[in-house]
Amino acid sequence: MEPLSNTLAAPDRKPKRQRRLPTEFGILAVLIGIALLFEALGWGIRGQSFLGNQQRLLVMILQVSVVGLIAIGVTQVIITGGIDLSSGSVLAVSAMVAASLAQEPGYARAVFPSLSGLPFIVPALCGLVIGALAGFINGSLIAITAIPPFIATLGMMVTARSVAQVYTRGQPISMLAENYTWIGSGAVPVVIFLVTAVIFHIALRYTRYGKFTYAIGANPQAARVSGINVNRHIMLVYTLAGLLSGLAGLVTSARAQSGQSSMGLGYELDAIAAAVIGGVSLAGGAGRITGTVIGTLILGVMTSGFTFIGIDSYIQGIVKGIIIVAAVVADQYRQRRRRKV
Amino acid sequence: MEPLSNTLAAPDRKPKRQRRLPTEFGILAVLIGIALLFEALGWGIRGQSFLGNQQRLLVMILQVSVVGLIAIGVTQVIITGGIDLSSGSVLAVSAMVAASLAQEPGYARAVFPSLSGLPFIVPALCGLVIGALAGFINGSLIAITAIPPFIATLGMMVTARSVAQVYTRGQPISMLAENYTWIGSGAVPVVIFLVTAVIFHIALRYTRYGKFTYAIGANPQAARVSGINVNRHIMLVYTLAGLLSGLAGLVTSARAQSGQSSMGLGYELDAIAAAVIGGVSLAGGAGRITGTVIGTLILGVMTSGFTFIGIDSYIQGIVKGIIIVAAVVADQYRQRRRRKV
Amino acid sequence: MLSPGTFRTVREAGVKTRADYLLEVDNVRKEFPGVVALDNVTLRIRPGTVHALMGENGAGKSTLMKIIAGVYQPDTGEIRLKGNQIKIATPLDALEAGIAMIHQELNLMPYMTVAENIWIRREPLNGFGLVNHRELNRRTAELFRRLAIDIDPASEVRDHSVANRQMIEIAKAVSYESDILIMDEPTSALTDREVDHLFRIIADLKAQGKGIIYITHKMNELFTIADDVSIFRDGRYIATHAAKDITREQVIAAMVGREITQMFPKEEAQIGEVVLSVKDLALEGVFRDVSFDLRRGEILGLAGLVGSGRTNVAETIFGVTPATGGQIRLNGQPIRIRSPREGMKAGMALLTEDRKDTGCFLALSVLENMQMAVLTDRFVTGGFVNQGAVNAECTKMKDAMRVKTPNLDERIENLSGGNQQKVLIGRWLLTNPKILILDEPTRGIDVGAKAEIHRLISRLACEGVAVLMISSEMPEILGMSDRIVVMHEGRVTGILDRAEADQVSIMRLAAA
Amino acid sequence: TTIGVTMDKFDDNFLTSVRNAIAAEGKAQGVTLQFEDAQDDTGKQLSQIQNFIAQKVDAIIVNPVDTSATPKMTQLAVAAKIPLVYVNRKPEDKELPANVAFVGSNEKVSGKLEGEELVKCLKGKGNIVVMQGQLSNNAALDRTADIEEVVAANPDIKIVQKQTANWDRNQALDLMNNWITAGDKIAGVAANNDEMAIGAILALKQAGVDPKTMCIGGIDATADGLSEVANGNLYVTVFQNATGQGKGAIDAALKMVKGEKVSSYVDVPFEKVTKDNYKTYMTK
Ligand SMILES: Nc1ncnc2c1ncn2[C@@H]1O[C@H](COP(=O)(O)OP(=O)(O)OP(=O)(O)O)[C@@H](O)[C@H]1O
Ligand SMILES: Nc1ncnc2c1ncn2[C@@H]1O[C@H](COP(=O)(O)OP(=O)(O)OP(=O)(O)O)[C@@H](O)[C@H]1O
Ligand SMILES: [Mg+2]
Ligand SMILES: [Mg+2]
């Protein structure tokens with residue numbers, strides 16, 4: 001058989017260096033698209049600007065701040081390859097405990113009549129510690145007994161909700177002191193949410209904590225062989241997620257000026273949805289806080305937009321479901337086209 | 001092809017053929033353990049047998065039949081590596097549509113006054129088709145657009161719930177004809193649940209459908225290179241899951257003799273929990289219907305047991321959460337010891 | 001253009017076509033973002049021959065094969081099967097047209113039985129349309145008997161070693177009875193004994209007139225079984241020769257575009273004091289009574305058949321699976337190592353055997369993959385990673401290892417297998433280990449890179465690093481080691497000096 | 001005029017009646033109404049109110065998820081100078097400022113009416129079981145407390161079991177099934193709403209017990225509830241005037257928009273419904 005061609009020296013072929021846009025870019029475009037859609041509909045239907053209203057812009061973020069806080073924690077849990085179903089319930093426990101220590105002095109039906117008028121730090125710290133503790137229990141169960149995170153956090157979800165209910169036997173806790181409710185008033189929740197997002201964005205991208213989080217999610221065995229103490233790190237990530245749920249509990253109870261055992265019901269799903277819309281992969285190892293924040297904002301813009309253009313609330317769910325799917329499909333499509341596979 | 005002439009001498013060491021007990025064995029032991037615990041508590045607290053009461057045994061299964069039906073579908077979805085969050089909402093749509101076609105003749109406030117007195121097959125078929133259609137949409141979205149199953153079925157969850165509400169603008173549908181309600185009465189739901197379980201157990205273990213389902217979950221790439229049409233199969237599995245949600249919708253509405261848009265709220269989570277407790281791996285590729293049935297029964301036994309020994313309803317959640325976790329930990333521990341890793 | 005279905009019909013009818021070539025590939029081009037994987041390549045396969053594909057890591061061999069097997073679609077180009085142009089849109093099309101492929105990465109379903117894995121999609125059914133498991137196992141047993149493979153068809157795949165899994169893949173590919181069988185580095189996980197076995201299977205298939213495309217980085221295999229050799233470089237087709245007309249050096253030169261002088265460039269290192277001493281080491285149920293010394297500057301080979309326990313010994317020393325008995329001494333001090341972290345603190349590094357399972361973070365970039373181990377104790381201040389410094393180190397390492405990647409931010413998943421391996425070696429070298437444990441370090445690595453890695457290992461030894469090297473490649477073990485520990489069924493059966501070691505003496509101990 | 005309405009949830013049968021009444025009255029008065037579903041979430045409800053405010057609606061009607069959060073809502077509305085009407089659930093504010101009103105019924109009465117009728121039915125003695133709504137819900141807590149109060153006054157009546165069925169018919173069915181098999185002697189069922197009472201009736205029927213021989217009470221007087229009263233299965237239910245509440249809410253809101261004064265508590269009384277008077281409610 002004859003050689004089909006002569007041995008040829010390969011000319012210097014430079015690999016085309018293609019600068020990739022960060023993956024969040026796509027979903028950001030989707031967010032802007034949705035906002036502009038409402039802007040257009042706004043002028044058409046109501047003759048008003050949707051975005052040109054500072055108060056509305058604030059409300060858009062405000063209403064998803066709590067879910068956003070949870071989503072920041074859950075994003076990290078998902079990056080490690082886990083899931084956290086307990087955040088909504090942990091929020092409730094933290095809210096109840098914190099609220100019970102933050103009631104106005106002299107309120108007759110106070111939970112702990114003798115413990116009123118405490119400085120802000122006491123209820124705040126207790127709420128945060130309760131949250132972190134719940135997260136720590138989640139993490140320990142997952143790391144030590146190796147049960148699926150779904151089960152460990154499902155157990156915590158059911159248990160914590162029950163703890164919140166049994167705490168005052170279902171009675172809401174009201175009359176919270178003003179030295180406590182400030183963290184839920186005005187734009188404070190928005191500030192807390194965004195600052196937290198920045199902190200964890202930095203933590204994930206520029207610290208060892210972040211690198212290890214991704215490594216564990218991408219391949220826990222390889223992470224262990226690379227000298228990472230996988231169990232300890234998992235505990236840490238879940239504890240932080242619990243801490244953030246606790247913080248969300250403080251904000252929620254301060255915002256409503258009351259503690260209710262039903263608080264945060266179903267927030268875990270919204271938070272996971274926000275993260276996944278923002279590009280966090282449930283398989284672990286991929287995702288960013290910026291994406292989660294954008295995913296959260298999509299939920300917020302949608303909610304405000306619906307109210308703004310006055311969509312019949314019966315069909316809001318239909319539209320919302322379709323938008324969620326369409327947003328991710330659009331993002332996916334854009335990424336795929338870029339990949340050209 | 002001729003046998004190889006020069007046969008290699010078989011390796012001297014026979015691979016240890018290790019007869020495995022089916023994995024469900026462990027969780028079955030847990031189920032029995034929980035049942036016996038209640039038996040003991042029953043004698044201690046109420047002076048009665050917990051298990052020695054046929055009626056109670058029936059009730060235990062009856063109350064989880066609907067969740068069990070959904071869990072059978074969701075098990076298959078999870079085996080393919082997916083998830084189905086929409087089952088509770090799809091149940092509601094099916095229940096509403098079927099109920100609206102199954103009202104007693106001559107009922108003044110009927111949804112379709114002209115469509116009363118239809119034979120059973122009409123509402124039943126419509127309910128099933130609606131369920132299957134929802135599942136088909138889920139499957140198509142996942143297979144064709146490659147968005148995460150979590151998002152596709154989350155969108156369907158929100159959308160379908162809204163459809164159920166908009167269908168009669170929130171009004172419940174009552175006065176269902178007796179030729180319809182029979183499938184919800186007495187032990188019929190139990191029979192439907194168990195027969196369905198047997199059918200899908202056989203399908204998963206003894207048909208190509210089942211082999212493909214496992215193969216896709218274990219290694220989609222391997223399935224694809226083995227010539228399996230992965231997309232088509234995914235669509236099929238989700239469609240079947242939707243069909244089962246539809247069936248669950250029929251049973252639920254028949255049982256309550258009414259169709260309500262809030263039906264099945266949160267059932268998706270119970271169903272997933274039952275499957276995971278029963279050993280279905282959320283990573284895909286592993287799990288069996290028998291395990292799911294046992295997982296479902298654990299939920300049923302727990303519910304009956306709590307009522308039986310009269311646990312304070314405020315702390316039931318705490319006990320339930322702990323039992324779920326403990327059940328899976330016990331199973332895990334048993335499996336790990338057997339593997340001696 | 002013929003459809004794959006037509007091909008199936010023709011094949012089933014047993015019609016013999018008289019085309020000169022079974023398969024012709026013309027001007028196929030394939031681009032991935034940032035990479036031209038194939039640049040107008042051409043390939044011709046004659047019936048009844050073994051056609052070897054040679055090329056450096058990332059040359060595009062696997063990509064071309066995946067195109068033929070319907071996994072990827074070419075951007076341009078055409079494929080002719082027995083003279084007829086054909087479009088292969090899916091793997092199923094390829095299988096129906098008579099093309100089967102053993103992929104470079106194992107593609108098995110761990111929780112399914114061996115028989116189910118092999119016959120997936122083609123299960124025998126009984127009268128009710130249900131899968132007949134008895135017949136399924138019988139067929140598998142029959143196939144295994146024909147191929148002389150000793151594996152229980154009813155066992156689950158996850159219970160089998162990598163080598164066994166590879167044999168299962170081979171059996172599966174053979175079971176398609178296809179005209180063209182593509183084998184992408186089938187022997188990278190096999191020891192000589194299984195390789196011989198595979199070659200007998202291949203010879204048999206060849207005798208039946210089938211065309212076999214065989215990808216390997218092992219030169220000696222090339223001259224043992226190949227009839228024709230096609231050489232690729234940087235996504236381009238270079239040349240095709242008859243194997244008997246070409247020398248090893250010519251092949252290598254064509255592959256790498258430069259001369260490689262010495263394959264196993266062992267330099268004589270100053271062998272110093274004992275660094276690591278293992279005494280009666282045991283892991284319950286896997287191995288016991290493992291004793292040997294490892295000295296400064298020494299390369300200690302660890303040889304044995306597949307399943308002899310070498311990997312487990314390495315993992316136990318490093319702390320992945322803590323020992324259940326025996327003693328490890330580090331510089332004369334007894335030490336207990338209970339986790340890889342502790343292993344690393346003791347100055348060790350372990351390149352694991354299974355790239356995919358315990359090596360790569362597939363979803364992460366080359367950079368992240370390379371830097372991960374070193375971050376446990378360097379380049380971190382106050383929790384923050386000093387990314388500039390790490391980048392510089394990693395870039396240096398990447399260049400030194402000649403990793404073929406568009407940039408450090410590329411996902412490692414998109415690198416060819418060999419380049420992934422280089423990244424992982426780089427990961428461990430960055431930690432400056434005193435004791436370097438390498439489990440099959442050159443698995444799937446091309447000759448050029450292999451020589452580089454061998455030179456690197458030698459140089460490290462000269463610098464005083466103690467190297468424990470597991471390899472299933474006899475020339476590598478013999479060429480590189482100062483001493484060779486041979487294992488058989490979880491026990492050390494002998495320790496040979498470089499001078500007294502040869503293929504025969506090792507095999508005798510390994511099969512003892 | 002535009003009025004924003006946020007309801008606790010859309011899935012609840014009774015609240016659906018209130019919502020429909022609001023919608024009907026709004027249409028009659030030529031008001032643009034915008035409904036929102038708070039999905040049982042105080043946080044969501046607060047956001048909806050804030051969205052309404054951002055949108056500058058003329059008035060807001062709130063069916064509070066949880067009454068303990070109403071002081072905050074009141075604050076928001078007062079700050080934005082938008083009239084606010086609470087409907088159905090009594091706000092916990094110490095006192096309502098001008099431009100804020102409550103239209104609804106005194107929850108303390110409903111459980112009492114139900115309990116007293118059941119006592120009559122039981123002739124002062126026997127075991128009863130209590131089916132609670134959601135454990136965290138004000139109405140469930142109040143109604144259960146009312147029942148317990150009535151029972152405490154009748155020493156021969158004992159509450160042998162008390163559990164939640166989350167307002168849900170199917171859950172009540174399962175709960176009742178379990179109680180029946182537990183073998184307690186049960187003479188009566190006091191359910192926090194009609195849906196659960198119907199669940200209990202269905203369970204009894206399936207167990208072969210005639211519900212007519214038992215004393216079963218519900219609250220809400222829903223269509224299904226009334227037809228069970230007609231059948232004699234449900235001994236008592238309590239009519240909560242959804243139409244009255246809906247109409248009252250719109251009226252109050254419109255008055256405040258026009259700047260007229262409105263009493264801060266518009267009572268729409270509960271009425272007990274038994275076999276004797278159910279017919280008058282069938283058409284309401
Ligand atoms: N899915 C993909 N996405 C992006 N780039 C890819 C992908 N698959 C392969 N490549 C790139 O295409 C080139 C050819 O890869 P290929 O796997 O065909 O090499 P190979 O010759 O098989 O190498 P090896 O001997 O290491 O297996 C490499 O540069 C690789 O990085
Ligand atoms: N994950 C596993 N599950 C079950 N058995 C295993 C597993 N890993 C290894 N073994 C068994 O342990 C024994 C030692 O395996 P080990 O991998 O150490 O051998 P080896 O000499 O390195 O062979 P190889 O070349 O295949 O890696 C073998 O009998 C193998 O089958
Ligand atoms: Mg390759
Ligand atoms: Mg090995």
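This report describes chain contacts, a domain interface and a ligand site in a predicted model.

**Chains in contact**

Among the 5 pairs of chains that touch, chains A and C share the most contacts. Chain C and chain D, by contrast, are joined by no contact, and their closest C-alpha atoms lie 36 Å apart.

The pairing of chain D with chain B can be described in more detail, beginning with its extent: 33 residues of chain D and 39 residues of chain B take part in the contact. Between them the two chains bury about 2,800 Å², of which 39% is on carbon and sulfur atoms. The polar side of this interface comprises 13 residue pairs in polar contact, counted with both residues at pLDDT 80 or more, together with 1 salt bridge found by the rule. That salt bridge links Arg255(B) to Asp174(D), with the closest N and O atoms 2.6 Å apart. On the side of chain D that touches chain B, at least two residues each come from α1 (13-29), β7 (157-164), α6 (169-182), α7 (194-206) and α8 (223-231) of chain D. Of these elements, α6(D) gives the most, with 11 residues. Sorted by class, the side of chain D that touches chain B holds 11 nonpolar, 13 polar and 9 charged residues.

**Domains of chain C**

The domain assignment divides chain C into domain 1 (1-98 + 178-261), domain 2 (107-175), domain 3 (270-347 + 434-512) and domain 4 (364-432). The centres of domain 1 of chain C and domain 2 of chain C, taken over C-alpha atoms, are separated by 25 Å, and the contact between these domains draws 11 residues from domain 1 and 11 residues from domain 2. About 980 Å² is buried between domain 1 of chain C and domain 2 of chain C, with 74% of that area on carbon and sulfur atoms. Three residues, Ala189(C), His197(C) and Ile201(C), supply 40% of the area that domain 1 of chain C buries against domain 2 of chain C, which is more than any other three residues.

Across this domain interface the rule finds 0 salt bridges, while 2 residue pairs are in polar contact, both residues being at pLDDT 80 or more. The elements giving two or more residues to the side of domain 1 of chain C that touches domain 2 of chain C are α3 (91-96) and α7 (192-207) of chain C, and α7(C) provides the largest share of that side, 5 residues. The residues on that side of domain 1 of chain C divide into 9 nonpolar, 1 polar and 1 charged.

**The site of ligand 1**

Around ligand 1 there are 21 residues, and those that come nearest are Asn57(C), Gly58(C), Ser62(C), Thr63(C) and Asn414(C). The table lists polar approaches to an oxygen atom of ligand 1, with the kind of protein atom concerned.

| Residue | Protein atom | Distance to an oxygen atom of ligand 1 |
|---|---|---|
| Gly58(C) | polar backbone atom | 2.8 Å |
| Thr63(C) | polar side-chain atom | 2.5 Å |
| Ser416(C) | N or O atom in the side chain | 2.9 Å |

Gly58(C) thus appears in the table through a polar backbone atom, whereas Thr63(C) appears through a polar side-chain atom, and Ser416(C) through an N or O atom in its side chain.

Notes: Residues numbered from 1 in each chain as written. Chains lettered and ligands numbered in written order. Predicted model: local features only at pLDDT ≥ 70, side-chain atom pairs only at ≥ 80, totals over all residues. Heavy atoms only, no water. Domains from an automatic or database assignment. Contact = heavy atoms within 4.5 Å. Buried area = accessible area lost by both parts, 1.4 Å probe. Salt bridge = Lys/Arg side-chain N within 4 Å of Asp/Glu carboxyl O. Polar contact = N/O pair within 3.5 Å; in protein donor to acceptor, adjacent residues only side chain to side chain. Helix = DSSP H or I, 4+ residues; strand = E, 2+ residues; numbered from the N terminus. Nonpolar A, V, L, I, M, F, W, Y, C, P; charged D, E, K, R; others polar. Near = heavy atom within 4 Å.
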